[in-house]
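Visitor: I have not seen this structure before, and I would like to be guided through it slowly.

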Amino acid sequence: MAYKLNPQQQLAVKNISDPLLVLAGAGSGKTSVIAHKITYLVKSCGFEPSQVAAVTFTNKSAKEMRARAIQMLGKTAGEKLRVSTFHTLGLNIIREEAQALGMRKNFSIFDDQDCMALLKELTERELQSDKKAIYQLQEVLGAWKNKLFTPEQAIAQADGQNELYAAKVYKRYVRHLKACNAVDFDDLILLPALLFKNNTEVRHRWQGKIRYLLVDEYQDTNGAQYELVKQLVGPEAKFTVVGDDDQSIYSWRGANPENLELLKKDFPTLEVVKLEQNYRCSKRVLKAANSLIDNNPHVFKKRLWSDLSYGEPIRVVETGNEEKESRMVVSDISARKLTENANYSDFAILYRGNFQARIFEKTLMEFKIPYRISGGQSFFARAEIRDIMAYLRLLVNPTDDAAFIRIANVPRREIGAMSLERLGNYARERHISMLEASQEMGLGSHLKGKGLSAVQRFANMIRNTASDCQGDAIADVLKTFIKALSYDSWLIESSSTPAAAEYRWKNVQELLSWIEGMLKETNIEQESDKLGAVVTRLVLRDRQEKDKDDAEGNEVQLLTLHAAKGLEFPHVYLVGMEEELMPHKSAIEEDNIDEERRLCYVGITRAKATLTLTFAKERKRFGSQISCKASRFLDELPMDDLDWPSKQGPVSEDERRDRGRAHLAKLKEMLNR
DNA sequence: ACGTTGCGCCTTTTT
DNA sequence: GGCGCAACGT
């Protein structure tokens, strides 16, 4: 990255009087611009570090941003900056304003899986756990939340039976969360946004606290996030948002790229700065990317250019099937590693769906090439981790019924579905949580004998441990607790093989050692509810990943296109460039090719030096062989810059030699310049 | 209350 | 082809 800012970058940094939109193309140095701007605000414009907030989407980029700022501002000032994800910002607001929101501070955060489970429970009678219907329901609720609709508003505007039903579920859903003293991920944004909207005093206070706001990846904001931004900046409109409409690939998750245009409407004095110089890709890669994305409609015109060399032709390779595709790619990597003296970590294989990774894994293994695969099931989605997290949540928040239900009978303690249901009924009648209900005398009317005593024993254990966690030796308390649970025996019992049990136990140990480490961190030590703070950060996936960083070695990277956003590699292989895969079948059906094209654009612009696109004529999918057509996106690339041998039928030896010579001549010409 | 079989599904997944 | 879930059987 350039140390000196180019003129556009300087414009983006120095303009602090107008609301500012920075359209930052791929590889145009936007992180650098944000870091410089933060520094400029503090060093030259008299802002207190604590008055400057920078918001990102991932913990990783928040961490990176803070590190950059600390580098430039020094540790003392840098650490006072408010650099966080949207969700953490929301969380902090909710914590501080818990009273105004009618919440207790030890609330739980339900993740997507918890919410799904809750919706399933709430709709049991009508939908009979029809997975698709529940998923759709979740989407509808999410859309309402994005529009800041309360259940009442949703009911009022509901059109038709289904919507009315969904709105009623929404109402029960909100009520249930409240009863558990819990929020979901959307609430972390929604609740502060609504609070600011409805409470002038609180809004003004926060507008005073945060005097300048920077937003990264702005194209990925949803309606609620934009509302939060609007409320936070107020009429002074001291903000800079940085985004790229061409890299909007999360609309299926509620991101609303139209927020870029909305900005112009809501802030008429908006200034727009375009960062069009790319510092990453060769001219040729950029030309291909531009040519592809030209097929999309644009509100803001933008043309990326590069000062780097023209680069090698972009290879397009057709193979017979996915097996051959993987062998072609892997042997190419292995050859190129030798000829260019490259590291394995210089190579990335990018694909549309996780299932495509499997065959590459197999082939890489055969070739004895080390690789790293990202994606698939996340650590926190694992059953054993969710179990332990549920225990922790219940220790922090005794009203977290979702956690209670999950672990009441894990490990087995003879609290079956029947007992849970009776306990639940009683709790509902008395308007108390299940853990509380477990310890009431009156429960005897609903639950008798063995069931009753099992439930009571469980509740007592949780209560006792929770009070032990008030002290200082939390890590020790937890270790003893897990041991007393015999969770390790339970894993052996419930796993199919001993090896699986061992692996899962190792995961539990890893989680515990993270917690131990986090408890020692200074910012946690200051908290009154240390365990609560740790659990919250874990649910938001906000943890220090030192181990992982250290382990990052010399390995070929296997990534989905979504996961590749923000990264760069000298050599990129974009595989499975076929109709129905890239663009994906469902996108074709839903007529949403533009987003697929952006996805492809993101993939192409990851490449610094060489780019190889591959597709297979046949591919095994869902067990049977299907024939494939080359992706339409390949035809949108500049033919002159492609090395696509099979395009015009078989090429004669002569022609191939001529092409090689032409290529060499071009290279020489470039060298002479 | 637990294990087994069989059916249906199958994109991406920042927090 | 493989996984998760649900229905069924013991």
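**The protein and DNA strand B**

Visitor: Which group of DNA strand B lies 3.0 Å from a polar side-chain atom of Arg-412?
Guide: This is a predicted model, in which local features need pLDDT of at least 70, side-chain atom pairs count only at pLDDT 80 or more, and totals for chains, interfaces and linings use all residues. Residues are numbered from 1 along each chain as written, chains are lettered from A and ligands numbered from 1 in written order, and side-chain values use heavy atoms, without hydrogens and water. At 3.0 Å, the partner of Arg-412 on DNA strand B is a phosphate oxygen.

Visitor: How many residues surround DNA strand B?
Guide: A residue is near a strand if one of its heavy atoms lies within 4 Å of it. The closest are Arg-253, Arg-352, Asn-354, Arg-412 and Thr-560, and the residues surrounding DNA strand B number 24.

Visitor: What share of the atoms of DNA strand B that come within 4 Å of the protein do sugar and phosphate account for?
Guide: His-584 has a side-chain N or O atom 3.2 Å from a sugar or linking oxygen of DNA strand B, whereas Trp-252 places a polar side-chain atom 3.5 Å from a base oxygen. Of the strand atoms within 4 Å of the protein, the sugar and phosphate share is 49%.

Visitor: At what angle do helix H9 and helix H11 pack?
Guide: Helices here are DSSP runs (H or I, at least four residues), numbered from the N terminus. Helix H9 covers residues 131–146 and helix H11 residues 161–179, with axes (lines fitted to C-alpha atoms over the stretch in contact) 10 Å apart. Their packing angle, on a scale from 0 to 180 degrees between N-to-C directions, is about 75 degrees.

Notes
Polar contact = N/O pair within 3.5 Å; in protein donor to acceptor, adjacent residues only side chain to side chain. Helix = DSSP H or I, 4+ residues; strand = E, 2+ residues; numbered from the N terminus.
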